Amino acid sequence: MRYNWKILYAPVKWLGSLIFVILIPIAMYIPTCYDFINVSVIYMPFIGIVLFTDFCLLDKKSNAEEIVFLSNRKPVLSFIQRYLISIAILLVYVILANVVYRMLQQFQDEVMVEPISMLEYILIVVGGCLYIGAISMTISSILSNVYIGYAFSISFWLYWKYDLFWLLNGIEIK
């Protein structure tokens with residue numbers, strides 16, 4: 001587990017994701033909790049792309065393929081451990097975005113009790129993040145190129161984002 005944590009450690013990627021997560025509630029106009037969830041569903045999958053795209057290829061990138069092949073460690077176990085670590089980091093980001101949103105509500109004296117729980121919020125947002133992250137991870141693993149995985153998943157995210165925007169605003173595209 002310590003090896004997988006060490007190989008996943010990427011402070012620049014994590015710091016960039018952290019800044020993006022903090023800026024979502026600050027930069028967007030979010031008067032209600034439902035609006036915050038909609039904005040999170042649209043923009044948080046970018047974090048899934050950043051976190052999940054390259055961790056299947058980390059051994060190849062660090063030239064440790066032969067060492068991993070010769071070790072008695074199961075590759076499925078390493079994959080599951082890396083996936084769980086990335087999910088834990090994603091959960092921290094999702095909860096942090098909610099905390100920043102609630103703090104902004106407190107500062108603006110707009111605190112409202114809404115019928116959606118924190119668990120529902122986490123399930124909704126993390127589902128989209130894992131979906132787009134799995135797409136990017138799969139494409140980059142099949143083609144053995146992280147940049148193609150990033151490009152494909154970001155283009156799919158942009159398509160999905162604008163499709164969700166039109167759907168959430170009730171505008172029908174013809």
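A helix, as the term is used for elements such as α3, is a DSSP run of H or I with at least four residues, numbered from the N terminus. The exercises below concern a predicted model.

**Exercise 1. Place serine 40 in its element and decide whether its side chain is buried or exposed.**

Solution.
- Step 1: Serine 40 belongs to helix α3.
- Step 2: The cut-off for a buried residue is a relative accessible area under 20%. Serine 40 has a relative accessible area of 1%, and therefore counts as buried.
- Step 3: With neighbours within four places in sequence set aside, the contacts of serine 40 are Pro45, Tyr121 and Val125.

**Exercise 2. Describe the overall make-up of the protein chain: how many helices and strands are there, and what share of residues is buried?**

Solution.
- Step 1: The protein chain contains 9 helices and 0 strands. Read from the N terminus, the order of elements is α-α-α-α-α-α-α-α-α.
- Step 2: The protein chain has 174 residues, and 40% of them count as buried.
- Step 3: The accessible surface amounts to about 10,500 Å², and carbon and sulfur atoms account for 70% of it.
- Step 4: Taking contacts between residues at least 6 apart in sequence, 81% connect residues at least 24 apart.

**Exercise 3. Identify the residues with the most contacts inside the largest nonpolar core, and state which element supplies the largest share of this core.**

Solution.
- Step 1: The largest nonpolar core comprises 29 residues. Within it, Met44, Leu51, Leu90, Val94 and Tyr121 have the most contacts.
- Step 2: At least two residues of this core come from each of α2 (11–27), α3 (33–43), α4 (45–52), α7 (75–107) and α8 (118–143).
- Step 3: The largest share is that of α7, with 8 residues.

**Exercise 4. Examine α4 and its residue leucine 51: which residues of α4 are buried, and what does leucine 51 contact?**

Solution.
- Step 1: In α4, 7 of the 8 residues are buried, so that the helix is mostly covered.
- Step 2: These buried residues are Pro45, Ile47, Gly48, Ile49, Val50, Leu51 and Phe52.
- Step 3: Beyond its neighbours within four places in sequence, leucine 51 is in contact with Lys13, Trp14, Ser86, Ile89, Leu90 and Tyr93.

**Exercise 5. Consider two residues of α2, lysine 13 and isoleucine 19: how is each classed by accessibility?**

Solution.
- Step 1: Helix α2 holds lysine 13, and isoleucine 19 is found in α2 as well.
- Step 2: The relative accessibility of lysine 13 is 18%, so this residue counts as buried. Apart from residues up to four places away in sequence, lysine 13 touches Val50, Leu51 and Asp54.
- Step 3: Partly exposed residues fall between the limits of 20% and 50%. Isoleucine 19 is at 45% relative accessibility and is therefore partly exposed.
- Step 4: The C-alpha atom of isoleucine 19 is separated by 9.9 Å from that of tyrosine 93, although the two residues are 74 residues apart along the chain.

**Exercise 6. Characterise the second largest pocket: which residues line it, and which element gives the most to the lining?**

Solution.
- Step 1: The second largest pocket holds about 170 Å³ of space.
- Step 2: Its lining consists of Pro25, Ile26, Met28, Tyr29, Ile30, Pro31, Tyr101, Leu104, Gln105, Gln108 and Glu110.
- Step 3: Two or more lining residues come from each of α2 and α7. Of the elements, α7 gives the most, with 3 residues.
- Step 4: By class, the lining of this pocket has 8 nonpolar, 2 polar and 1 charged residues.

**Exercise 7. Characterise the second largest cavity: what is its volume, and which residues line it?**

Solution.
- Step 1: The whole structure has 2 cavities of 30 Å³ or more. The second largest cavity contains about 30 Å³ of space.
- Step 2: Cys33, Asn98, Arg102, Ile116, Ser117, Met118 and Tyr121 form the lining of the second largest cavity.
- Step 3: α7 and α8 are the elements that give two or more residues to this lining.
- Step 4: The lining residues comprise 4 nonpolar, 2 polar and 1 charged.

**Exercise 8. Locate serine 144 and describe its phi angle and accessibility.**

Solution.
- Step 1: Serine 144 is in the loop between α8 and α9 (146–168).
- Step 2: Phi of serine 144 is near 55°, which is a positive value in a residue other than glycine.
- Step 3: The relative accessible area of serine 144 is 38%, so this residue is classed as partly exposed.

How values were computed:
Residues numbered from 1 in each chain as written. Predicted model: local features only at pLDDT ≥ 70, side-chain atom pairs only at ≥ 80, totals over all residues. Heavy atoms only, no water. Core = buried A, V, L, I, M, F, W, Y, C linked by side-chain atoms within 4.5 Å. Buried < 20%, exposed > 50% of the residue type's maximum accessible area, 1.4 Å probe, protein only. Contact = heavy atoms within 4.5 Å. 1 Å grid on protein atoms, 1.4 Å probe; cavity = no way out; pocket = protein on both sides within 12 Å on 5 of 7 lines; lining within 4 Å. Points joined across faces, edges and corners; volume = space filled by probe spheres on them. Nonpolar A, V, L, I, M, F, W, Y, C, P; charged D, E, K, R; others polar. Areas by Shrake-Rupley, 256 points an atom, 1.4 Å probe, with all protein chains shown as cover.
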